[in-house]
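Got your viewer open and a selection box ready? Let's take a walk through this one, stop by stop.

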Amino acid sequence: MNDNVIPAELVEELRTAQRVVVLTGAGTSAESGVPTFRDAQTGLWARYDPTELATPEAFRRNPRLVWEWYTWRRELVAKAAPNPGHLALVQMQARVPELTLITQNIDGLHQRAGSQQIIELHGNLARTKCADNGYLVESWPPTEEVPPHCPRCGGLLRPDVVWFGEPLSKKTLLQAITAVRQCDLVFSVGTSSLVHPAASLPFEALEQGAKLVEINPDETPLTPHVHFVLYGKAGEILPTLVDLTWPQQKR
Ligand code: BJW
């Protein structure tokens with residue numbers, strides 16, 4: 001990523017912004033070795049389409065398969081570390097008066113990098129809940145059953161994530177909408193902008209007069225609507241942008 005690719009106008013927008021929202025997707029964790037949602041899966045999982053596993057129907061049809069897929073992903077994420085993109089967002093948050101990080105990712109890598117004020121739209125892989133009653137479950141007795149059963153009601157356990165066709169938490173979505181409606185600048189980073197309501201958030205900001213920036217190696221449905229497109233990897237562009245914007249405070 002060449003410094004000249006980042007427009008001076010964007011650097012000025014970021015330097016003077018009071019309220020910034022960063023919306024991240026799976027591409028933000030790609031450089032940590034976590035496959036994006038629509039990338040081909042590897043190994044054992046190569047023959048499964050993630051968009052067909054992340055549904056309540058898939059869980060009803062084959063709870064074991066879905067549980068094991070999430071176990072595999074949990075293990076992958078445990079071995080991964082935050083990348084320079086995650087770390088640059090921590091720096092950005094330290095320098096902007098108010099920065100809200102909204103993530104679609106369930107991997108917890110922003111938290112591990114040190115970001116604060118994170119709105120997790122699609123839940124978190126580290127939490128488990130009862131598929132019947134929604135109780136959050138911290139632990140359960142050792143068992144051979146896959147998935148295990150809820151210690152409170154006997155229902156099946158599942159990850160506390162939001163699958164296709166399931167509503168997002170009202171409170172979480174409201175927090176995200178409020179943040180985008182009040183901000184000056186929105187970054188959409190490493191997301192295909194295909195999945196709603198997350199993909200609608202930058203449009204809410206646009207309606208209120210905010211400037212939009214997209215960071216992605218590829219075009220997305222959002223690209224024609226943004227003020228600045230930075231084609232490339234989040235782990236390269238974000239650190240460069242932070243260094244250009246606050247040059248005296250090099251990391
Ligand atoms: C890089 C990079 C690098 C690579 N650097 N970039 C309105 C219109 C149309 C449809 C709908 C609508 N409203 C709702 C819907 C239906 C549906 C939906 O959006 N469907 C579309 C696919 C058409 N939405 C829902 O079902 C949502 N629920 C809902 O709306 O409920 C309403 C309701 C109300 C009342 C009762 C009942 C229902 C829920 C959506 C939940 C999404 N869940 C998942 C799974 C989470 C758990 C898990 O991870 O397993 O969330 S699906 C999956 O997609 C996951 C992701 O968070 C999400 C977004 O994917 P993301 O992050 O964009 O990843 P990718 O892989 O798509 O893209 C990666 C990008 O990175 C690419 O662009 C690369 O180029 C880029 N990249 N390397 C920067 N190094």
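Here is a tour that goes from the domains to the sheets and then to a few single residues.

One thing before you click: this is a predicted model.

**Stop 1: the two domains.** Start by colouring the chain by domain. The domain assignment gives domain 1 as 3-33 + 82-122 + 168-249, and domain 2 as 35-79 + 128-161. Put a centroid on the C-alpha atoms of each, and you'll find the centres of domain 1 and domain 2 lying 28 Å apart. Now show the contact: 11 residues from domain 1 meet 11 residues from domain 2. How much area is buried between domain 1 and domain 2? About 700 Å², with carbon and sulfur atoms giving 63% of that.

**Stop 2: the parallel sheet.** Switch to cartoon and look for an open sheet of 6 strands, paired in parallel and ordered 3-2-1-7-8-9. Which strands stand at the edges? Pick 118-120 for strand 3 and 228-231 for strand 9; each has a single partner strand, so one side of each is left without a neighbour in the sheet. Going from one strand to the next, the twist averages 15°.

Zoom in on the strand 3 end. Strand 2, residues 98-103, runs parallel to strand 3, and 3 bridges join them. Select L101 and you'll see I118 of strand 3 standing opposite. Then add residues 170-181: that's helix 8, which packs on the sheet and touches strand 1 (19-24), strand 2 and strand 3. The direction of helix 8 makes about 130° with that of strand 3.

Now hop over to the other edge. Strand 8, residues 211-216, pairs with strand 9 in the parallel sense over 4 bridges. Here V213 stands opposite F228 of strand 9. Show the side chains of strand 9 as sticks: F228 and L230 make up the covered face, while V229 and Y231 make up the uncovered one. That fits a general pattern, because side chains in a regular strand alternate between the two faces of the sheet.

**Stop 3: the antiparallel sheet.** Next, find the open sheet of 3 strands, antiparallel and in the order 5-4-6. Strand 5 (136-137) and strand 6 (157-161) are the edge strands, each pairing on one side only. Strand 4, residues 123-130, pairs with strand 5 in the antiparallel sense over 2 bridges. To see how they line up, select K129 and L136, which stand opposite each other.

**Stop 4: the cysteines.** How many disulfides are there? The count comes to 0. Select C130 to see a close case: the nearest cysteine sulfur, that of C153, is 3.4 Å away. The cut-off for a disulfide is a pair of cysteine sulfur atoms within 2.5 Å, so this pair does not count. Is C130 buried or exposed? C130 is buried, with a relative accessible area of 1%. C183 is buried as well, at 6% relative accessibility.

**Stop 5: V195.** Finish in the loop between strand 7 (185-189) and helix 9 (201-207), where V195 lies. Its relative accessible area is 16%, so V195 is buried, the limit being under 20%. What is V195 in contact with, leaving aside its neighbours within four places in sequence? Select R38, Q104, H122 and F164. For a last distance, pick the C-alpha atoms of V195 and T42: these residues are 153 apart in sequence and 22 Å apart in space.

How values were computed:
Residues numbered from 1 in each chain as written. Predicted model: local features only at pLDDT ≥ 70, side-chain atom pairs only at ≥ 80, totals over all residues. Heavy atoms only, no water. Buried < 20%, exposed > 50% of the residue type's maximum accessible area, 1.4 Å probe, protein only. Pairing = 2+ DSSP bridges. Axes fitted to C-alpha atoms, helices over the stretch in contact; angles between N-to-C directions. Contact = heavy atoms within 4.5 Å. Domains from an automatic or database assignment. Buried area = accessible area lost by both parts, 1.4 Å probe.
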